Amino acid sequence: MAIPPSFIQELLSRVDIVEVVGRYVPLRKGGVNLMGLCPFHGEKTPSFSVSPGKQFFHCFGCGKHGDAIGFLMEHTGVSFIEAVKDLAQQVGLAVPEEDVPPQERARAAAQRRHQATLTEVLRKAEDAFKAQLRTAPRAIEYLKGRGVSGAVAKTFGLGYAPPGWRFLSTVFPDYQDALLVDAGLVITAEETAGADGAPAQEARRYDRFRDRIMFPIRNVKGETIGFGGRVLDQGEPKYLNSPETAVFSKGHELYGLFEARTAIRQAGYVLVTEGYMDVVALAQLGFPQAVATLGTACTPDHVRLLFRFSDQVVFSFDGDAAGRRAARKALEATLPWISDTRSAKFLFLPPEHDPDSFIRAHGPQAFAQAIQDAHPLSRFLMEVASSDCELDTAEGRARMASQARPLWGAMPDGALKRQLLQEIADQVGLDPRELAQLWQGRASGTTRRAGLRGERATPAATTPSAPTSPAPMGPGRPIPAPRSPRRRSVQRGLLGRADRVARIVLSHPQAWDWLTADDHQLLAQEPEPHGPLFAWLESQWLEHGPQPWAALSVALRGQPFEDLALALHASGIALEAPPAHGEAPPQAPTEGDLRRELRELLRRMRIEHLKALETAWIARAASDPEALARYRETQALRKALEAEAGT
């Protein structure tokens, strides 16, 4: 989706940044500007300034600054497009979309209207549940027994769903409205046929949540998108979530993130727990930077969202076997997103404690110290890799090398990854160079997607080539081919393959997500200026998600490849000749057309990459005994790619 720059300018001229910021930060008059406590770092004296005249914010403490769009992106963690849509809706503007067919625009608009209606239905249900809590002694006593104050209950919007089957029929005038089912509030039993020819019985409707403490689940914008319900007595299930809906996906959302966003920035880390009550209890006990997954294992999308708000994530798990299994899944989800500037820790509490009981037994300081002493990701990775391995035997060390390979391989290249290679090599009794060559050798001739399980949401994982010899591409880890450092410039007329790929991903932001980790790495290996441009695009995608050209063009300013990107974007998506007189203009390529073009371009670029590797292996054959075998493996992979299209 591309938003014209002219619309961005019009939007900013209509939006009042004081009103936007004021929803999140209490502001007071301070001369010509307004001042408040900075939401991006902890402070006691206001240094956060908002200028009504310049429509600009600036913090003199941490240096954060920007316009209304930038504030929403920084404070709520939404993407550029989401921030623009949010502000446009507030001032009554329709967001224009370039290069989008009318049918697609109409479909997207209808979907947005449906989602907005669902969030309004859920908000109304939340208000009803909160009103019920005030008249429910059992629910109030339960919360008091857990140490939850009225202030904290208000912060999280806690409520109560009474035990009746159709309480919501007293809240909504039409209990048969399909929106109640679409929002996950009401369950419809299947219509059944009557006995002995009797007329069919109508489908029965009833409330999903009954006799439960209600926890509203909010997105990063603060909209209620679902609920979690905790049973008061001993019923099952203990916790019940809203089903997947048009506005709620448990694999993408985190409970308490909206409420914790400011505390996360002030604390410098985000604490990930296993349940709603953990989050609420921790907020009560002085740790408001906690969030929780929603009855599912931590996913790469969760981790990506967490790293939007903090560069340090601490996972808290029970110390039993189930907690260790959950931690292992969190490790796998985190590895592709880790970097030299991002860190993750794993806190294992004693089996008899959850965070609430641990703090009540040992005090807040002990819990804060436990967080400080939590296992860093590198140590936990080594523990997982060496599990069930007898390291005093060759077989045990070989097993550890095998178990460490997918974990290490899921990490992006960097200083942390290279240090871990050294540590793993020390544990298994091999030289790091030998271990890298061993892993690359096993990887030859196969392909796979990024990460441990191939999630599309994960970034590229790269493997640095061994210092002494090149190797064929491993799964998910293309090895750089010998290339000339010669710079390439934008050509007029027929564009090269790298030009065409860049043009597509610049004009269609979602196209970067169509590519695999292998593709990302291959593109980043291109000579300047294309390689640095692709590497920069990946970093932008990881940090902000798909961005329209209006945002990318601003971020490109001053980059060494700015001229290349501007020229390629200006060249358009297709290279068709202008239509002859009287002919209809050519149709814009569909998403399917663009996907096929990208796939073919990357296939041919990979073939050229493999040819260069073949040449490198042949050159080493006289001095390297393994070079000829490597050459044959690389050649076989190249021929397989050529055979895909019969080339």
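Which residue lies over the face of W165? The answer is in point 6 of this note on a predicted model.

1. The five-stranded sheet. Five strands make an open sheet in the order 1-2-3-4-5, with antiparallel pairing. Strand 1 (28-30) and strand 5 (65-66) are the edge strands; each has a single partner strand, so one side of each has no neighbour in the sheet.

2. Strands 1 and 2. Strand 1 and strand 2 (residues 33-36) run antiparallel and are joined by three bridges. R28 has M35 as its bridge partner in strand 2, and G30 stands opposite N33. The two strands form a hairpin with two residues between them. In that turn, G31 has a positive phi of about 80 degrees. Side chains alternate along strand 2: L34 and G36 point to one face and are buried, while N33 and M35 point to the other face and are not buried. This follows the general pattern, in which the side chains of a regular strand alternate between the two faces of the sheet.

3. Strands 2, 3 and 4. Strand 2 is joined to strand 3 by three bridges, and the two run antiparallel. Here M35 stands opposite S49. Strand 3 (residues 48-51) sends F48 and V50 one way and S49 and S51 the other, yet all of these are buried. The contrast with strand 2 is worth checking by eye: in strand 2, N33 and M35 are not buried, whereas in strand 3 both sets of side chains are. Strand 3 also pairs with strand 4 in the antiparallel sense, over four bridges, and F48 stands opposite C59 of strand 4. Strands 3 and 4 form a hairpin with four residues between them. Q55, in the turn, has a positive phi of about 50 degrees.

4. The ring cluster. Ring pairs link Y24, F40, F48, F57 and F71 into a cluster. F48 of this cluster is also one of the buried residues of strand 3.

5. The pair F57 and F71. The count of aromatic pairs comes to 26. One of them, F57 with F71, is edge-to-face, at 5.6 Å centre to centre and with 80 degrees between the planes. F57 lies in strand 4 (residues 56-59) and F71 in helix 3 (residues 68-76), so this pair ties together parts that are 14 residues apart in sequence. Why do F57 and F71 count as buried? The cut-off for buried is under 20% relative accessible area. F57 has 1% relative accessibility and therefore counts as buried. F71 is buried because its relative accessible area is 0%.

6. Charges over rings. R204 lies over the face of W165, at 5.8 Å from the ring centre. K417 is placed over the face of W408, at 4.5 Å from the ring centre.

7. The largest cavity. Searching the whole structure gives three cavities of 30 Å³ or more. The largest cavity holds about 100 Å³ of space. Its lining has 10 residues, and P509, W512, L537, W541 and L552 lie nearest the centre. What is the make-up of the lining: how many residues are nonpolar, polar and charged? Seven are nonpolar, three are polar and none is charged. Helix 21 (residues 530-544) gives the most to the lining, with three residues.

8. The cis peptide bond. Most residues other than glycine have a negative phi, and most peptide bonds are trans. The bond between E528 and P529 is cis, with omega of about 0 degrees. P529 is in the loop between helix 20 (517-524) and helix 21.

9. Positive phi outside glycine. D211 has a positive phi, near 55 degrees. D211 is placed in the loop between strand 8 (205-207) and strand 9 (212-218). D388 has a positive phi near 60 degrees, and its place is in the loop between helix 15 (377-385) and helix 16 (394-409). Are D211 and D388 buried or exposed? D211 is buried, because its relative accessible area is 18% and the cut-off is under 20%. D388 is exposed, with a relative accessible area of 70%.

Terms used
Residues numbered from 1 in each chain as written. Heavy atoms only, no water. 1 Å grid on protein atoms, 1.4 Å probe; cavity = no way out; pocket = protein on both sides within 12 Å on 5 of 7 lines; lining within 4 Å. Points joined across faces, edges and corners; volume = space filled by probe spheres on them. Nonpolar A, V, L, I, M, F, W, Y, C, P; charged D, E, K, R; others polar. Pairing = 2+ DSSP bridges. Phe/Tyr/Trp six-rings, centres within 6.5 Å; stacked < 30°, edge-to-face > 60°. Buried < 20%, exposed > 50% of the residue type's maximum accessible area, 1.4 Å probe, protein only. Lys NZ or Arg CZ within 6 Å of the ring centre and 35° of its normal.
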